[in-house]
Amino acid sequence: MVAAAGIPMYDVPFLTVGGGIGSFVTLDYLRIYGVPTEQMKVVSNIDHPWQTYEFLTRCSQIPRSERIRSDSSSRPDNIWGFPSYALEEAWKDKNPVYLWQLFTEPILNDYWTPRAGTVFENLEREAKRIRYWDMLVKGQVRMVRKRNGGGYFTVVTPPEGAAPTKRIVFRSRFVHIAVGYPGLKFLPDLQEFRTKYSDYQHVVNAYEPHEQVYEFLKTRPGTVVIRGGGIVASRVLQRLFDDREKYGLKTQIIHIFRTFVTGSHGPHIWARRKGGDGWAYQGFNYPKSVWGGQLKAEMRKLEGAERAAKYKEMGGTNTPKRRRWQEQMRAGRAGGYYHAVQGTVDRVEPTPDGRLVSYVRSNDGIVREPVADYIIDCTGLEADIAEHRVFADLLQHGGAYRNPVGRLEVERHFEVKGTASGDGALYASGSATLGGYFPGVDTFLGLQIAAQEIADDLARRGFVRKMGPLRSTAQWFKWAFNSPV
Amino acid sequence: MVPTLIGRIQTRLFLLATVGVVMTLLVMPLVPGTGAPLGDRYVTGLLVLVAVGALGIGWELLYHFLMQFRWEKDWPTSFGLLTLVPEGLLLYFLLRSGAVDFIDPISPATFWTHFTVVWVSMWLVANGPMRVPFIRWRFRGGRIL
């Protein structure tokens with residue numbers, strides 16, 4: 001039928017959709033396991049795997065020179081996580097202090113985390129080494145459908161002029177979907193304001209470019225409202241405090257927490273997280289043991305409501321308790337320019353002089369009406385998975401269904417449940433699979449854990465040989481010497 | 001690696017049997033405080049490893065219990081090194097008191113040199129090189145099997 005419609009069709013045994021870090025680490029694993037580039041393709045609308053990640057980190061105030069929130073041994077360019085980023089940076093910067101920090105984290109020091117630039121440079125090196133660009137096909141994936149004879153068809157719209165037809169089709173036995181976050185979602189009151197007053201300049205999301213806020217504040221004293229209590233709020237605050245210090249600004253900051261954490265919190269003594277001044281504190285975006293310890297082992301056994309309850313217990317917005325941030329906030333409170341309040345916002349309206357008034361209701365019934373020049377939404381709300389056309393189609397026509405927290409239900413080996421087709425399999429990793437047997441999906445290490453599960457499942461199906469200690473060691477040396485896999 | 005209970009025990013026993021044995025073979029000819037023949041020193045060293053393994057199962061139960069008070073259920077890198085102090089002291093006093101009578105009397109210098117070299121080597125291997133041959137180890141809480 002496809003051929004009859006005149007649409008060109010290409011055969012490739014393994015196809016990954018997305019082309020971000022999720023696709024990259026999966027291809028990296030499979031290349032190291034021994035799959036040649038000819039047997040795999042990646043369809044993507046971006047040119048290099050870290051492109052979207054770098055865009056989002058830069059917007060949320062982490063340029064290449066700043067440090068991300070990620071463990072030293074979570075290296076998407078190195079499946080072994082050895083040597084860790086800390087060893088590499090200590091070697092390159094000739095700075096043994098990093099190793100001392102690594103040794104004393106998180107007790108005497110903050111967690112050591114890598115520079116964004118270190119991550120991107122190493123990704124580029126590894127992408128070249130595994131010949132990533134030989135596998136890249138530019139295009140927008142429209143849908144992935146089961147094929148009668150087993151396997152899948154993936155329908156792609158190539159960039160204009162790149163192909164003779166508007167659509168091309170890939171026929172493959174295995175498909176992997178790693179398309180990242182389906183989209184950003186604004187807080188409802190902020191969305192309403194933006195739509196009603198067509199103002200996209202003064203109410204901004206921290207994940208979209210919003211340099212105009214910081215530029216405005218350099219020209220005259222202003223007030224900014226921050227919404228949200230996560231890592232992005234911390235980052236944006238740091239930028240505001242840094243600028244205040246660097247340029248002698250008079251910026252006033254009002255920080256609205258929907259959930260204001262005042263101290264340690266949790267149901268019992270074995271499940272209590274630290275907190276204070278509004279924030280819940282945690283080194284990384286999940287408790288450390290989700291990537292290999294106790295929580296990972298526990299979650300792997302849970303189904304349905306029990307699994308959802310476990311997610312709830314360890315969930316909640318949080319940020320690391322970094323010493324520098326604590327100092328800046330302390331100074332802000334003492335100096336009367338940083339005000340943190342609990343509240344939910346009923347609505348936002350413009351004032352006659354072009355500023356923004358928020359109607360904030362606290363749990364104790366007090367209503368505040370702070371006026372600000374800018375509002376920065378740092379909540380990082382994610383859109384529903386069905387906002388992404390590929391997932392919407394899979395849920396509607398592909399047999400996929402939702403997990404206990406509303407995202408895509410996957411097996412322990414990341415095969416999307418309900419989508420098997422003959423001897424083929426459809427896998428997914430990343431944010432869309434949050435709520436499954438493995439919790440830390442939308443993290444560097446989580447993507448690698450998923451990639452390993454997928455590679456081992458493909459080995460069970462005979463697509464590639466499972467990698468044992470000897471090949472692993474040999475391949476590690478190839479990585480170390482930057483020689484081809 | 002963030003351990004589970006079974007992973008802790010397996011990793012300890014595995015590292016003792018590999019890194020521990022190799023380091024014992026390397027270090028025993030050089031340890032101070034003993035004039036015993038090399039063969040006897042090796043026997044003593046290997047028996048100390050056995051004792052570290054056997055007592056270690058008890059220690060790991062204790063560490064696992066203490067870890068439950070940590071929100072992250074993790075075991076920071078430094079803990080893995082610093083636990084050499086209580087473990088070394090307990091074993092040393094047990095040896096001195098004659099409670100572990102299958103090991104011949106041992107001088108403090110011999111014991112602490114051997115014990116520290118073995119412990120630090122195991123800690124270094126567990127914090128990096130172990131991941132090179134065993135790519136699934138760190139995702140399974142330290143389980144080898």
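Here are some worked exercises on a predicted model with chains A and B.

**Exercise 1. Where chain A meets chain B**

Find out how many residues are in contact between the two chains, and which elements of chain A give two or more residues to its side.

*Solution.*
Step 1: Start with the counts. Chain A puts 34 residues in contact with 25 residues of chain B.
Step 2: Look for the elements on chain A's side. Those that give two or more residues are α4 (97-104), α10 (294-299), α14 (444-460) and α15 (469-480) of chain A.
Step 3: Pick out the biggest giver. That's α15(A), with the largest share, four residues.
Step 4: Sort the residues by class. The side of chain A that touches chain B has 18 nonpolar, 11 polar and five charged residues.

**Exercise 2. Two domains in chain A**

Work out which stretches make up each domain of chain A, and how many residues each domain gives to their contact.

*Solution.*
Step 1: Read off the bounds. The domain assignment puts 9-183 + 384-480 in domain 1 of chain A, and 184-283 + 318-381 in domain 2 of chain A.
Step 2: Check the spacing. Taken over C-alpha atoms, the centres of domain 1 and domain 2 of chain A are 32 Å apart.
Step 3: Now the contact itself. Domain 1 of chain A brings 10 residues to it and domain 2 of chain A brings 16 residues.
Step 4: Domain 1's side of this contact splits into five nonpolar, three polar and two charged residues.

**Exercise 3. The sheet with β2, and its edges**

Trace the order of the strands in the chain A sheet that contains β2, and explain why its edge strands each have a side without a neighbour.

*Solution.*
Step 1: Walk across the sheet. The order in chain A is β4-β3-β2-β8-β22, which makes five strands in an open sheet with parallel pairing.
Step 2: Go to the ends. β4 (136-138) and β22 (425-428) of chain A are at the edges, and each has a single partner strand, so one side of each has no neighbour in the sheet.
Step 3: Add the twist, which averages 20° from one strand to the next.
Step 4: Zoom in on one pair. Strand β8 (residues 174-177) of chain A joins β22(A) in the parallel sense through four bridges, and A:F174 sits opposite A:A425 in β22(A).
Step 5: See what packs on the sheet. Helix α1 (residues 21-33) of chain A touches β2 (14-18), β3 (40-44) and β8 of chain A, and the direction of α1 makes about 155° with that of β2(A).

**Exercise 4. The sheet with β11**

Do the same for the chain A sheet that contains β11: what is the strand order, and which helix lies across β11?

*Solution.*
Step 1: The order in chain A is β10-β20-β11-β12-β15, an open sheet of five strands with parallel pairing.
Step 2: The edge strands are β10 (203-205) and β15 (338-342) of chain A, and each pairs on one side only.
Step 3: On average, neighbouring strands here are turned by 20° against each other, direction ignored.
Step 4: Inside the sheet, strand β11 (residues 223-227) of chain A runs parallel to strand β20 (residues 374-377) of chain A, with four bridges joining them. One of the residues to look for is A:V224, whose bridge partner in β20(A) is A:Y374.
Step 5: The helix you want is α9(A). It lies across β11, β12 (252-257) and β20 of chain A, at about 165° to β11(A).

**Exercise 5. Two helix pairs**

Describe how α9(A) packs with α12(A), then how α2(B) packs with α4(B).

*Solution.*
Step 1: Know what to look for. Two packed helices are described by the angle between their axes and the distance between the axes.
Step 2: Helix α9 (residues 231-247) and helix α12 (residues 323-335) of chain A pack at about 60°, with axes 10 Å apart. These two helices, α9(A) and α12(A), are therefore oblique, and their crossing is left-handed.
Step 3: Find the contact residues. They are A:S234, A:Q238 and A:F241 of α9(A), with A:W325, A:Q328 and A:G332 of α12(A). By class, that's two nonpolar, four polar and no charged.
Step 4: Over in chain B, helix α2 (residues 38-67) and helix α4 (residues 84-97) pack at about 125°, with axes 11 Å apart. So α2(B) is oblique to α4(B), and the crossing is right-handed.
Step 5: Here B:A51, B:V52, B:L55 and B:W59 of α2(B) meet B:E87, B:L90 and B:L91 of α4(B). This contact has six nonpolar, no polar and one charged residues.

Key:
Residues are numbered from 1 along each chain as its sequence is written. Chains are lettered from A and ligands numbered from 1 in the order in which they are written. This is a predicted model: local features need pLDDT of at least 70, side-chain atom pairs count only at pLDDT 80 or more; totals for chains, interfaces and linings use all residues. Two residues are in contact if their C-beta atoms, placed from the backbone, lie within 7 Å. Ala, Val, Leu, Ile, Met, Phe, Trp, Tyr, Cys and Pro count as nonpolar, Asp, Glu, Lys and Arg as charged, and the others, Gly among them, as polar. Domain bounds come from an automatic or database domain assignment. Two strands pair if DSSP finds at least two bridges between them. Axes are lines fitted to C-alpha atoms, for helices over the stretch in contact, and angles run from 0 to 180 degrees between N-to-C directions. Angles under 35 degrees count as roughly parallel, over 145 as roughly antiparallel, 65 to 115 as roughly perpendicular and the rest as oblique. A crossing is left-handed if the near helix is turned anticlockwise from the far one by less than a right angle, and right-handed if clockwise.
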